[in-house]
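User: I should like a close look at a single part of this chain, set against the whole. Please explain each term as you use it.

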Amino acid sequence: MTEENLLKILREYKSGNVSEIAALNLLKNISINSVEDLGFANIDHARELRQGFPEVVYAAGKTKEQLRAIFKSLYERSTGNLIATRADLEKYQFLIDAVPEAKFDETAKMIYVDRKIIERRADKKILILSAGTSDLPVCEEARLTAYLWGNTVETAYDCGVAGIHRLFAHIDKIQSANVIIVVAGMEGALASVVGGLTDKPVIAVPTSVGYGASFNGLAALLAMLNSCASGVSVVNIDNGFGAGVLASKINRL
């Protein structure tokens, strides 16, 4: 169900081709008919109408057969771009015959369909900064998510606090961005530094990159949560997708 479907019902009622009761019943049935039961999954086809983007699939933990069935259904009953996160090449190769438009990004570990022509505003950019090259998989998950949600996205990678001059080389990007995503593992200090350089919202993403005392990202998570820089919010460890969606929603305001 999309906005166009709703408008069609309203136009039919306005023109007199559909009675008031018939239009009411059609609208009442939207929520009922929007959920498709596949036995192992209930697909929310109305999410595109409510949130502006179809339901996103978390591929990890699903069999390749389950993923193909879910992704195929979303492809056939939606009009927007599609995303399956935490996927692998084997699952992609298994579903490509069912969804020929699907592509796979190995770094981001995302299967996606980019079919919606979107006018991306150059004056409302999302900037993604990474502390190190090892953070790139999470960065790319955030970048591709934000792009598919209709944003202009810029990146500046490997500019962490171990060589702070590398960050300052991107000060123009920082100042011109509308929302900034900062991805960092180890001690997670980059988010605080960036938070002190901008008046724009900063979304911090701790990663599981680091040695033993980083506790698989817990040290970076706690450091970001305790940041003294104002305007810094934090998503879960390695959650590039969540950061990309949140940045997109802020950017739409």
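Analyst: For counting charges, Lys and Arg are positive and Asp and Glu negative, with His and the chain ends left out; each charge is placed at NZ of Lys, CZ of Arg, CG of Asp or CD of Glu. On that basis the chain carries 27 positive and 29 negative side chains, and the centres of the two sets are 4 Å apart. The model is predicted, so local features need pLDDT of at least 70 and side-chain atom pairs pLDDT 80 or more, while totals for chains, interfaces and linings use all residues. Residues are numbered from 1 along each chain, and side-chain values use heavy atoms, without hydrogens or water.

The C-alpha trace spans about 65 × 40 × 30 Å along its principal axes. The chain has 253 residues, and 43% of them are buried (under 20% relative accessible area, 1.4 Å probe, protein chains only). The chain contains eleven helices and eleven strands (DSSP runs of at least four residues, H or I, and at least two, E).

The part chosen here is S130, which belongs to strand 7, residues 125–130. S130 counts as buried because its relative accessibility is 0%. Its side chain makes two polar contacts (N or O pairs within 3.5 Å, one able to donate a hydrogen and the other to accept it). One joins the side chain of S130 to the backbone oxygen of G132 at 3.2 Å; the other links a polar side-chain atom of S130 to the backbone nitrogen of D158 at 2.9 Å. Beyond its neighbours within four places in sequence, S130 is in contact (heavy atoms within 4.5 Å) with D135, L136, C139, A156, Y157, D158, C159, G160, V183 and L190. D158 thus appears both in this list and in the pairing at 2.9 Å.

Definitions and conventions. Buried means under 20% relative accessible area, exposed over 50%, partly exposed in between (1.4 Å probe, protein chains only).
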